[in-house]
Amino acid sequence: MAIVAKKHEMPTQAADVRAHNFNEVALGYSAEVAVEEAKRCLNCKNRPCVAGCPVNINIPDFISLVKTGDFEGAYKIITETSSLPAVCGRVCPQETQCEQRCTLGIKFEPVGIGRLERFVADYHNKNAAAEKPELPVQNGHKVAIVGSGPSGLTCAGDLAKKGYSVSVFEALHTAGGVLVYGIPEFRLPKSIVQKEVDGLKALGVNFETNVVIGKTLTVDELFGLGYDAVFIGSGAGLPNFMNIPGESLKGVYSANEFLTRSNLMKAYREEPNTPIMKGGKVAVCGGGNVAMDAARTALRLGADKVYIVYRRSMDELPARKEEVEHAEEEGIEFKILCNPVEILGYKNPDDPRDPKNGFVTGMKCIKMELGAPDAKGRRRPVPIAGSEFELDVDTVIMAIGTSPNPLIKSTTEGLSVNDHGGIIVDENGLTTRQGVYAGGDAVTGAATVISAMGAGKIAAKAIDEYLSAKKD
């Protein structure tokens with residue numbers, strides 16, 4: 001049978017329609033298309049795609065079952081190692097992980113592994129009868145999980161299945177971490193995240209929201225409450241700024257704040273209780289997935305014009321190719337090889353009580369050119385003298401990265417961090433404190449959902465080994 005050279009297209013909402021709603025952009029494969037895409041898999045003996053997956057999903061085996069129409073069987077294989085298949089199938093960068101290793105991809109387009117994972121998870125969620133899982137026999141040990149993002153949820157699920165009494169402590173009022181506050185509804189519907197959380201609750205995992213570890217409770221107090229080990233998966237929620245003039249003006253947001261207001265606090269609703277800047281012209285500074293999310297959210301909130309301002313070229317954009325293409329299709333304009341140097345604001349010298357005082361009116365930028373490569377091999381952007389220009393905008397969103405919050409470090413004696421604030425761990429996720437483990441963005445800084453999940457799995461295994469060997 002002849003090999004189909006290209007992936008089957010993912011159906012999506014039309015760009016001119018989706019730019020004005022928060023419904024999911026990608027619509028998912030039908031069963032027929034999923035089977036045809038699965039047939040493109042060569043079922044290689046050496047299975048390089050599995051090695052490319054941070055949680056080592058048995059990819060060829062689940063795809064083989066999709067070929068035969070056994071979608072529920074495929075789901076069972078995926079969930080042997082992945083706690084969040086419907087999430088990963090939507091937001092993981094498969095193109096740089098499992099699909100990058102795909103043998104078919106050497107000559108043709110790789111198999112659409114992520115699209116098939118999403119299909120299988122969605123099929124299960126839609127068609128499988130709700131079954132209450134059989135609760136494992138409790139082993140008498142208690143583990144506290146700090147943060148309910150992907151690393152925390154994964155660690156919690158793996159430990160609960162082994163009979164641990166697990167409590168997840170979440171600082172915000174809804175469990176899910178970055179999956180609910182950071183990723184917009186049009187990329188990841190919140191009902192999917194809630195279903196995953198509900199699945200963990202059915203396994204006996206206890207969720208405590210509105211608990212800020214380092215304020216409400218400390219790590220040491222968790223041990224005092226009888227927990228035998230602690231996993232820190234608190235993410236990287238501390239936004240970075242450029243430290244340029246005007247960043248304190250009204251209408252300047254970090255991407256974290258802007259997305260949290262829209263996603264978690266529902267500011268996108270017609271009559272929101274949460275204020276947010278809507279309409280006008282918006283500049284988003286940065287070129288990663290968070291920048292794409294912020295720009296596309298601003299557009300859906302009613303912006304007249306949205307710019308992505310990025311200091312390198314399109315070839316260096318770190319965002320997923322799919323997200324960049326979607327943004328371009330929706331009419332977002334890319335101001336590449338540009339860097340902000342000042343945010344401009346309104347000031348009425350004749351009336352200090354003018355309500356427009358202090359609001360953003362524009363942004364001064366300088367044009368850049370690419371020079372010699374930096375330490376990571378990326379060509380360094382260099383300002384072009386005398387090339388400054390002003391961009392007429394009403395809102396500026398800074399999406400230039402985040403760092404781990406220093407709160408846990410500052411309240412936990414003996415916990416070491418690196419120069420970037422990331423918690424220092426060994427290959428098993430163990431920190432410099434006995435019984436305290438960490439993983440995900442709290443260790444690495446902002447990274448991917450699937451890498452955080454992988455860290456959660458590694459730590460869960462290490463915690464199990466530690467507590468199994470520990471004498472009561």
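**A tour of the salt bridges**

Select Glu257 to begin: at 32% relative accessibility, Glu257 counts as partly exposed. The model you have open is a predicted one, and the stops below follow charged side chains through it before turning to the chain as a whole.

Stay with Glu257 and add Arg261 to the selection, since the two side chains form a salt bridge in which the closest N and O atoms are 2.8 Å apart. Both residues lie in helix H13 (residues 255-263), and because they are four residues apart there, about one helical turn separates them. Arg261 is likewise partly exposed, at 22% relative accessibility.

Next, select Asp122 and Arg90, another salt bridge, whose closest N and O atoms are 2.8 Å apart. This pair links distant parts of the chain, with Asp122 in helix H8 (residues 113-127) and Arg90 in helix H6 (residues 85-91), 32 residues apart. Colouring by accessibility would show Asp122 as partly exposed, with a relative accessible area of 24%, whereas Arg90 is buried at 10%, under the 20% that marks the limit for burial.

Now move to Glu329 and Arg18, whose side chains meet in a salt bridge at 2.6 Å, N to O. Glu329 belongs to helix H15 (residues 321-329) and Arg18 to helix H1 (residues 15-18), so the contact ties together parts that are 311 residues apart in sequence. Which of the two counts as buried? Arg18 does, at 1% relative accessibility, while Glu329 is partly exposed, with a relative accessible area of 47%.

Keep these two selected and extend the selection to Arg187, Asp293, Arg296, Arg300, Glu323 and Glu330, which together with Arg18 and Glu329 are linked in a network of salt bridges. Across the structure there are 26 salt bridges.

Finally, clear the selection and display the whole chain as a cartoon, where the secondary structure comes to 18 helices and 16 strands. The radius of gyration is 23 Å, close to the 23 Å that the globule rule gives for 472 residues, so the chain is as compact as a globular protein of that length. Along its principal axes the C-alpha trace spans about 75 × 65 × 50 Å, and 53% of the 472 residues count as buried. Among contacts between residues at least 6 apart in sequence, 70% join residues at least 24 apart. Switching to a surface view, the accessible surface comes to about 21,700 Å², with 51% of it belonging to carbon and sulfur atoms. As for charge, the mean positions of the 53 positive and 59 negative charges are 2 Å apart.

Notes: Residues are numbered from 1 along each chain as its sequence is written. This is a predicted model: local features need pLDDT of at least 70, side-chain atom pairs count only at pLDDT 80 or more; totals for chains, interfaces and linings use all residues. Side-chain values use heavy atoms; hydrogens and water are left out. A salt bridge is a side-chain nitrogen of Lys or Arg within 4 Å of a carboxyl oxygen of Asp or Glu. Helices (H or I, at least four residues) and strands (E, at least two) are DSSP runs, numbered from the N terminus. Buried means under 20% relative accessible area, exposed over 50%, partly exposed in between (1.4 Å probe, protein chains only). The radius of gyration is taken over C-alpha atoms; the globule rule is 2.2 Å times the number of residues to the power 0.38. Contact means heavy atoms within 4.5 Å. Accessible areas come from the Shrake-Rupley method with a 1.4 Å probe; for residues, only the protein chains shown count as cover. Lys and Arg count as positive and Asp and Glu as negative; His and the chain ends are not counted. The place of a charge is taken as NZ of Lys, CZ of Arg, CG of Asp or CD of Glu.
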